[in-house]
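Q: Please explain how the descriptive terms for this model are justified, setting each value against its definition.

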Amino acid sequence: MKIPGVKGMNDLLPAEVGRWQEMEQVARELFGRYGYREVRVPVVEHAALYARGVGENTDIVQKEMYAFEDKGEELLCLRPEATAGLVRAFIEHGLHVEGPQKWFALGPMFRRERPQKGRYRQFHQLDIEAFGIAEPAIDVEQIAMAADFFAALGVAVQLKLNSVGDGSCRPAYLQELQGWLRERKGQLCVDCNDRMERNPLRVLDCKVEGCQPVLAQAPRLLDRLCAGCAAHHAAVTGGLGALGIPFTVDTRLVRGLDYYVRTAYEFTSDAIGSQSSVAGGGRYDKLVETLGGPPTPGIGFAIGQERLAMVMAAVGRPVPSRQPELFLISADEAGARECLSRAVALRRAGVACDLDARGGKLARQFKQAERVGARYALVLGEKEVGSGQAKLKDMKTREETPVALADLPDRFRPT
Ligand code: ATP
Ligand code: MG
């Protein structure tokens with residue numbers, strides 16, 4: 001009996017993996033240049049971390065968590081997002097004493113959503129967090145880094161920015177918004193009706209077409225920010241302007257996680273249809289305290305790797321792959337032994353070199369050389385082993401040139 005993979009969880013096969021390696025390579029290099037250091041935290045945490053951190057009333061916690069009792073001892077969960085776990089680690093290791101920290105992390109996240117194109121139950125994120133900096137300069141720097149990242153991968157994205165206020169201006173707004181929404185119950189969808197009671201800000205995010213004309217008239221938090229939030233927002237938009245980073249202010253942009261304050265933003269791409277959000281993030285100045293740490297501001301964002309891979313494919317970015325420079329082909333038993341030892345020696349010298357370990361007919365070995373995209377092929381048999389001379393075949397032009405076997409490492413050594 002065949003046992004299938006789990007619904008909503010994907011395999012990443014060799015034909016595609018080059019794309020992922022490329023985005024991770026670019027991320028490590030670029031984020032490193034911006035002063036962010038990689039951290040690795042577990043995929044499993046206490047479920048309470050997300051109930052407290054992400055918010056009891058969010059979809060993520062209410063409906064989507066993979067929580068389980070670990071042998072009846074404690075309630076654990078597969079992480080639905082990265083920030084809460086990173087904050088937990090930051091607190092647990094007392095790193096606030098070392099001053100501001102800039103971190104990045106990558107890996108799988110788990111949400112039991114309805115699987116569809118661009119939305120999976122196991123998905124992957126590149127996560128960026130900065131702890132200990134309240135100033136808007138870090139908001140600008142992080143957004144600039146994200147913009148550089150997408151540019152380096154050749155994808156065009158749109159940046160949408162908003163301020164979701166903070167503890168001094170949001171509560172009054174939420175009351176006003178809730179009252180306003182309750183008066184329009186009949187004009188809004190079931191989800192909106194449910195959300196206006198539990199999490200009114202989320203209503204603004206509704207994608208149902210019929211709700212749009214109503215929600216477009218909703219009171220705007222951006223017009224009701226307290227002085228501190230308004231100044232912060234102005235500094236962020238000003239900073240982005242000074243760096244020439246294009247953005248639009250979207251007054252209805254909210255995030256699915258409760259911990260955000262002030263800056264909230266999203267990068268979208270119109271190359272991938274309805275699940276167009278490629279990255280999202282914002283400021284979370286109270287989260288460290290909420291999770292039991294010392295008052296520490298924070299800001300971060302997460303890039304969805306599946307979505308990014310889709311955009312890269314949609315814009316026709318080629319998948320990088322490492323093809324062998326040289327493919328060794330054996331004509332007989334002496335040749336097979338020679339191929340094996342030469343291949344190992346060449347690889348040790350830094351050359352990407354392959355062979356068909358099955359041996360056998362020349363035609364089949366040449367076919368394999370073609371299949372793996374080898375640049376050159378070299379046939380080795382008793383004759384070549386004896387003379388130390390062989391013919392190097394260019395797999396594209398089919399041209400053959402004589403070479404001395406002793407010269408191979410130098411000829412193919414990467415420069
Ligand atoms: P969406 O509005 O698409 O549900 P979100 O607000 O839930 O996104 P975040 O929690 O901020 O997203 O995660 C950041 C990024 O992770 C998103 O922009 C998206 O690219 C990606 N992402 C989120 N959920 C999924 C999922 N179920 N499958 C694949 N990628 C996802
Ligand atoms: Mg979501």
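A: The shell around ligand 1 has six nonpolar, five polar and five charged residues, where nonpolar covers Ala, Val, Leu, Ile, Met, Phe, Trp, Tyr, Cys and Pro, charged covers Asp, Glu, Lys and Arg, and polar covers the others, Gly among them. This is a predicted model, in which local features need pLDDT of at least 70 and side-chain atom pairs count only at pLDDT 80 or more, while totals for chains, interfaces and linings use all residues. Residues are numbered from 1 along each chain as its sequence is written, chains are lettered from A and ligands numbered from 1 in the order in which they are written, and side-chain values use heavy atoms, with hydrogens and water left out.

Q: Which residues come nearest to ligand 1, and which strands supply at least two residues of the shell?
A: Of the 16 residues around ligand 1, those that come nearest are Arg-111, Glu-113, Arg-119, Arg-255 and Ser-277, a residue being near when one of its heavy atoms lies within 4 Å. Strand 6 (122-131), strand 10 (277-283) and strand 11 (298-304) each supply at least two residues of that shell, and strand 10 gives the most, with four residues. Helices (H or I, at least four residues) and strands (E, at least two) are DSSP runs numbered from the N terminus.

Q: What makes the pairing of ligand 1 with the side chain of Ser-277 a polar contact?
A: An oxygen atom of ligand 1 is 2.7 Å from an N or O atom in the side chain of Ser-277, and a polar contact is a pair of N or O atoms within 3.5 Å (within protein, one must be able to donate a hydrogen and the other to accept it, and residues adjacent in sequence count only if both atoms are side-chain atoms), so the pair qualifies. Arg-119, with a side-chain N or O atom at 2.9 Å from a ligand oxygen, and Gln-125, with a polar side-chain atom at 3.0 Å from one, satisfy the criterion likewise. Taken alone, ligand 1 exposes 580 Å², of which the protein buries 91%, the accessible areas coming from the Shrake-Rupley method with a 1.4 Å probe.

Q: Why is the pair of Asp-394 and Arg-375 called a salt bridge?
A: Their side chains meet at 3.0 Å, N to O, and a salt bridge is a side-chain nitrogen of Lys or Arg within 4 Å of a carboxyl oxygen of Asp or Glu, so the pair counts. The two partners belong to distant parts of the chain, 19 residues apart, with Asp-394 in strand 15 (residues 389-394) and Arg-375 in the loop between helix 14 (362-371) and strand 14 (376-380). Salt bridges that share partners also join Asp-59, Lys-63, Asp-194, Arg-195 and Arg-198 into one network, and the structure holds 29 salt bridges.

Q: Why is Arg-40 called exposed, and why is Glu-38 called partly exposed?
A: Buried means under 20% relative accessible area, exposed over 50%, and partly exposed in between (1.4 Å probe, protein chains only). Arg-40 is at 70% and therefore counts as exposed, whereas Glu-38, at 28%, counts as partly exposed. These two side chains also meet in a salt bridge, with 3.2 Å from N to O.

Q: Why is Glu-45 called buried, and which residues does Glu-45 touch?
A: Glu-45 has a relative accessibility of 7%, and therefore counts as buried. Glu-45 lies in strand 2 (residues 44-46) and, not counting residues up to four places away in sequence, touches Tyr-50, Leu-76, Cys-77, Gly-85 and Arg-88, contact meaning heavy atoms within 4.5 Å. With Arg-88, the side chain of Glu-45 also makes a polar contact of 2.7 Å.

Q: What is notable about the phi of Lys-71, and where is Lys-71 placed?
A: Most residues other than glycine have a negative phi. Phi of Lys-71 is near 50 degrees, a positive value in a residue that is not glycine. Lys-71 sits in the loop between strand 3 (66-70) and strand 4 (74-78), and its relative accessible area of 78% is why it is called exposed. Arg-398 also has a positive phi, of about 70 degrees, although it is not a glycine. Arg-398 is in the loop between strand 15 and strand 16 (400-404), and with a relative accessible area of 43% Arg-398 is partly exposed.
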